[in-house]
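Please walk through this structure with the sequence at hand, following a few helices and the residues that join them.

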Amino acid sequence: MAESEEELKSLLMRVKEESAKVDLKLNIKKTKIMASGPLTSWQIDGEEMEVVRNFIFLGSKITADRDCSQEIKRRLLLGKKAMANLDSIPKSRDITLPTKVCIVKAMVFPVTMYGCESWTIRKAERRRIEAFELWCWRRLLRVPWTARRSNRSVLEEINPDCSLEGQILEMKLKYFGHLMRRKDSPEKSLMLGPIDGKRRRGRQIMRWLDGVTEAVGVRLSGLWGMVEDRKAWRNVVHGVAMGRT
């Protein structure tokens with residue numbers, strides 16, 4: 001990561017030089033670059049490097065515009081594939097319903113929630129997450145899409161302890177508390193540090209921190225003291241998560 005093109009070129013040249021010492025070569029064709037600002041072409045040592053607007057890093061999709069909607073859609077699709085692979089579970093008469101629910105929570109929801117601590121969830125994403133969870137429960141109960149059955153009746157039969165959205169929010173709040181208790185970390189500096197320049201005209205884009213303060217109902221200044229007491233913060237997190245059920 002670099003703050004300017006010159007710094008990035010310097011870092012890449014250093015990687016290239018150090019790799020050459022152990023007979024390794026930097027493959028330009030497999031090396032891609034992503035910039036937060038306008039950048040159409042980029043060269044190093046006369047070789048053209050591909051400029052991308054998104055890429056997969058450690059299993060999560062990173063985009064140049066910092067929009068999480070693409071990653072959330074991708075994770076929901078992966079969750080549907082995981083649920084489809086368990087097609088024999090809903091059909092089994094030897095497995096009780098509570099056990100089937102536990103299987104879905106252990107083998108489907110973790111696939112969907114991977115990396116959710118960094119998500120910025122808006123209303124549209126909330127609706128998608130809720131629709132995915134109900135799709136899983138209806139598939140588990142083998143309720144056809146033609147059946148006129150309300151979502152409330154499905155949830156009453158499944159009786160989940162906490163909704164999928166609540167579990168995601170719980171993981172986000174736990175991660176927030178972990179970051180706030182750390183003294184020095186790049187993640188904390190990125191979350192709380194100021195940004196130079198002026199924002200563009202129009203409505204301000206929802207930030208990750210906005211989702212935390214909105215969920216707890218307390219401003220950032222009030223959250224400082226709350227996270228210091230681990231036991232009290234766990235109770236707050238649990239109460240907020242259960243409130244989304």
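**Around L192, and on to two helix contacts**

Once neighbours within four places in sequence are set aside, L192 is in contact with M180, L209, L220 and W224. The model in which these contacts are found is a predicted one. L192 itself lies in helix α9, which spans residues 186–192. With a relative accessible area of 28%, L192 counts as partly exposed, because buried would require under 20% and exposed over 50%.

Some of the partners of L192, including M180, L220 and W224, appear again where two other helices come together. Helix α8 (residues 164–181) and helix α11 (residues 220–228) pack at an angle of about 85°, and their axes are 10 Å apart. That angle makes α8 roughly perpendicular to α11. From α8 the residues F176, G177, M180 and R181 take part, and they meet L220, L223, W224 and V227 of α11. Sorted by class, the residues of this contact between α8 and α11 comprise six nonpolar, one polar and one charged.

For another part of the chain, consider A106, which is 86 residues from L192 in sequence and, from C-alpha to C-alpha, 34 Å from L192 in space. A106 belongs to the exposed residues, together with P98 and C102, that are carried on the face of α4 turned away from its buried side. Which residues of α4 are buried? They are K100, V101, I103 and V104. Because these buried residues cover an arc of only 155° around the axis, they are on the same side of α4. The elements that cover the buried residues of α4 include α2 (69–85), α3 (88–91), α5 (109–113), α6 and α7 (151–158).

Of these covering elements, α6 can be followed in detail. Helix α4 (residues 97–107) packs against helix α6 (residues 123–141) at an angle of about 140°, with the two axes 11 Å apart. That makes α4 oblique to α6, since an angle has to be over 145 degrees to count as roughly antiparallel. The crossing in which α4 passes α6 is right-handed. On the α4 side, L97, K100, V101, V104 and K105 meet W137, L140 and L141 of α6. The residues of the contact of α4 with α6 divide into six nonpolar and two charged, with no polar residues. K100, V101 and V104, which are in this contact with α6, are also among the buried residues of α4.

Terms used: Residues are numbered from 1 along each chain as its sequence is written. This is a predicted model: local features need pLDDT of at least 70, side-chain atom pairs count only at pLDDT 80 or more; totals for chains, interfaces and linings use all residues. Side-chain values use heavy atoms; hydrogens and water are left out. Axes are lines fitted to C-alpha atoms, for helices over the stretch in contact, and angles run from 0 to 180 degrees between N-to-C directions. Helices (H or I, at least four residues) and strands (E, at least two) are DSSP runs, numbered from the N terminus. Angles under 35 degrees count as roughly parallel, over 145 as roughly antiparallel, 65 to 115 as roughly perpendicular and the rest as oblique. A crossing is left-handed if the near helix is turned anticlockwise from the far one by less than a right angle, and right-handed if clockwise. Contact means heavy atoms within 4.5 Å. Ala, Val, Leu, Ile, Met, Phe, Trp, Tyr, Cys and Pro count as nonpolar, Asp, Glu, Lys and Arg as charged, and the others, Gly among them, as polar. Buried means under 20% relative accessible area, exposed over 50%, partly exposed in between (1.4 Å probe, protein chains only). The arc is that of the directions from the helix axis to the C-beta atoms.
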